[in-house]
Each structure stands twice: as structure tokens, then as C-alpha cells.
Amino acid sequence: MKKLKRQWQYHLMLLPGVILIFIFAYIPLYGVIIAFEDYNPALGFSSPWVGLKNFEYIFSQPAFLRTIWNTFFIAVAKLIGGIVVPVIFALLLNELVSNRLKRIFQTLIYIPNFLSWVIMAGVLIDILSNTGVINQFLGIFGVGPVNFLGNASIFPWTMIVTDIWKGFGFGTVVYLAALTSIDPGLYESAILDGATRWQQIRYITLPLLMPTIILMLVLALGNVLNAGFDQIYNLYSPIVYQTGDIIDTYVYRLGIEQAQYSVGAAIGLFKSAVSAVLVLTSYILADKCAGYKIF
């Protein structure tokens, strides 16, 4: 109570957000009951109870099992690339002597992070079309037009690369901030010992940057099942459902477009349960590996 009295201003600032979360996140949880009913909008929550029948149905569908694999594959690849690319780029920017040039690059790579996927999708559709800039460039080397958005085997990689391209600017800024906290005296001592630039990066920069890398990786683990609905929904088509369909887009098609509310709710509940386990696991790993705690 003494701590609460000292910090009541902070709790008061949090109150509007807590109220909004309660209204829009916790009260709607009652709707989870739809996943256990044969839901009929005319009957509402009084629809016939079917128990786990909807879950048995979704796990018997090959399309759903395929979407689970697609979701994990795309999300994990994005996760790995979203760590590796920003780290490499941050190290390259850190080696620039000119601060002016460094700021220019930081701004350029950070701009796509502010654009929504609705805007980015329009840009990518033009760039990746058969007559787009990328295919025109490939044509210089005699490579035929590549259907980036219409080829089922290429589409997942297109989603992975474009997502990394859009978001790696934010990660780069985070790692650059972590690099500024490294004691310059360590590099000066290494130079006196005859260490090359690569040896300085290998034995000083990367080890001291590792806690931040582990923290970012572990915290991102909770979003493994969020493979990017807004990105994929704006860029995919029925021809790439086999490799590009993820859990969120599958739920949207079943629950909204096809009005299979109970099945869509069951899939959403399954995803939420798995995500909750992953979030809990990520916080435990963050505490063990990086000493990071929220509570």
C-alpha cells in the first residue's frame, strides 16, 4: 500500500488503457463459447451445444493441418531473418565513420516500417509483377519473368523477404542503440593488442550485443503463430493457398466469408491457447537467458 501511495499517479495514467483492454479484450471472451456450439446468429449464444465436435472437425481437415505448417514455416523464417539482417546491418552502419551518412541510411531503412501493408501491397504488386522493376532487372541477365505472387513455391519466400525488408529498420535502430552502450575503451585496448576490425567485432561487439539479441529473439517467440495476416491477406490469391495460407487467413475465410462461425472460433481458440503457451515460455526464457522480467 505504501508503494501504491507513492506511485498512484502512474496507476492513474494506466487506468484508461486498462479500462479499454477490459472492455474490448476481456468482456468479449464470453464469445469463446461459440467454439463449443453449432452457432446460429438467430439463436445467439443459446445455439445447440456440440462440445468438442468443432475441434474434431478442424483437425480432420488436411487444409487446416497444412495452414499450421505454413504458419510455422513463414513465421519462424521471418523471426530468424528479422534478427540476423538487423544485426548485420547495425554492425555495418556502426563501422561508418560519417555520422551524417549513418543518419541518412537509418532514415531510409526505417521509412518502410511506418507504412501499412495496404500501401506496401500496392507497391509490391507493381514491383513484383511480370513487367515490374525486379523482373526487368532479372531480364538483363536472361532470367525469364518470375511470378513472385502467383507461384506457390515462391510465394512464401516472397512473404518472408518482403516482411524482413519492411521491418528490419526498427531492429537495426535497436541494435545500434545497444552498440552505443559498449565501452570504447575495450576497442582501444584491442587495437593496442593488434586486433583487426573483424576480431574486434567477433570478440567484443558480438558477445556484448548477444544479451540484446537473445532478448529480442525470445520476446518474438510469443508471436510465432502471427505470421502476418495483413501482409498475406493483401498479397495472396487462391492459386497460392497451398503454401501461403496461414491460420489467420484461414479463420477469416471460414468465419467471415463462409459464415462458419463455430469452426472459425474453434480455430481461433486453438491458436490463442498455443500462443499463450509460447508467450509464457518466451518470458521464462527471457528471464533465464537475458535476465529480463516484466513482473
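Q: Let's start with Lys-271. Is this residue buried or exposed?
A: The idea is to look at how much of a residue's area is still accessible, and under 20% counts as buried. In this predicted model, Lys-271 is buried, because its relative accessible area is 12%.

Q: Which residue does Lys-271 pair with in a salt bridge?
A: For a salt bridge, you look for a side-chain nitrogen of Lys or Arg within 4 Å of a carboxyl oxygen of Asp or Glu. Here the partner is Asp-248, and the closest N and O atoms are 2.6 Å apart. Asp-248 sits in helix H13 and Lys-271 in helix H14, so the bridge ties together parts that are 23 residues apart in sequence. Asp-248 counts as buried too, with 19% relative accessibility.

Q: How many salt bridges does the structure hold?
A: There are four. Let's look at another one of them: Glu-95 forms a salt bridge with Arg-197, and their closest N and O atoms are 2.5 Å apart. Glu-95 is in the loop between H4 and H5, while Arg-197 belongs to helix H10 (residues 197–220), so this pair ties together parts 102 residues apart in sequence.

Q: Are Glu-95 and Arg-197 buried or partly exposed?
A: Check each residue on its own. Glu-95 has 31% relative accessibility, so it counts as partly exposed. Arg-197 comes out at 45%, so it is partly exposed as well.

Q: Which residue meets Asp-163 in a salt bridge?
A: That would be Lys-78, with an N to O distance of 3.9 Å. The two come from distant parts of the chain: Asp-163 is in helix H8 (residues 155–180) and Lys-78 in helix H4, 85 residues apart. Now compare their surroundings: Asp-163 is partly exposed at 24% relative accessible area, whereas Lys-78 counts as buried at 9%.

Q: What about charges that sit together on the surface? Which residues form the positive surface patch?
A: A charged patch gathers like charges that have no salt bridge. In this chain, Lys-2, Lys-3, Lys-5 and Arg-6 make up a positive one. Take Arg-6: you'll find it in helix H1 (residues 2–6). Arg-6 is exposed, with a relative accessible area of 59%.

Q: How do I read the whole fold? How many helices and strands does the chain have?
A: Start by counting the elements, then read them in order. This chain has 14 helices and zero strands, so along the sequence you just meet one α after another. Its C-alpha atoms fill a box of roughly 80 × 75 × 30 Å along the principal axes. Of the 295 residues, 33% count as buried.

Q: Where does UniProt place the feature "transmembrane region"?
A: An annotation comes from a record, and you can lay it over the model. The unreviewed UniProt entry lists residues 12–36, 72–93, 114–144, 203–225 and 261–286. Try two of those stretches. Residues 72–93 are 100% helix, with end C-alpha atoms 31 Å apart. Residues 261–286 are also 100% helix, and there the end C-alpha atoms are 36 Å apart.

Q: What domain does the record give, and at which residues?
A: The unreviewed entry has "domain: ABC transmembrane type-1" at residues 68–282. Over that range the chain is 75% helix and 0% strand, and the end C-alpha atoms are 20 Å apart.

Q: How can I compare distance along the chain with distance in space? What separates the C-alpha atoms of Asn-70 and Leu-225?
A: Put the sequence gap next to the distance in Å. Asn-70 and Leu-225 are 155 residues apart along the chain, and their C-alpha atoms are separated by 9.9 Å. Asn-70 lies in helix H4 (residues 62–94) and is buried at 5% relative accessible area. Now take Phe-114 and Val-32: they are 82 residues apart, with 33 Å between their C-alpha atoms. Phe-114 is in the loop between helix H5 (99–110) and helix H6 (117–128), and it is exposed at 61%.

Q: One last feature: which residue has a positive phi although it is not a glycine?
A: Most residues other than glycine have a negative phi. Ala-259 goes the other way, with a phi of about 60°. Ala-259 is in the loop between helix H13 (247–257) and helix H14 (261–290). Its relative accessible area is 39%, so Ala-259 is partly exposed.

Key
Residues numbered from 1 in each chain as written. Predicted model: local features only at pLDDT ≥ 70, side-chain atom pairs only at ≥ 80, totals over all residues. Heavy atoms only, no water. Patch = residues over 30% accessible without salt bridge, like charges linked within 9 Å, V, L, I, M, F, W, Y side chains within 5 Å. Areas by Shrake-Rupley, 256 points an atom, 1.4 Å probe, with all protein chains shown as cover. Lys, Arg positive; Asp, Glu negative; His and termini not counted. Charge placed at Lys NZ, Arg CZ, Asp CG, Glu CD. Helix = DSSP H or I, 4+ residues; strand = E, 2+ residues; numbered from the N terminus. Buried < 20%, exposed > 50% of the residue type's maximum accessible area, 1.4 Å probe, protein only. UniProt positions renumbered as here; feature names shortened; annotations may be inferred.
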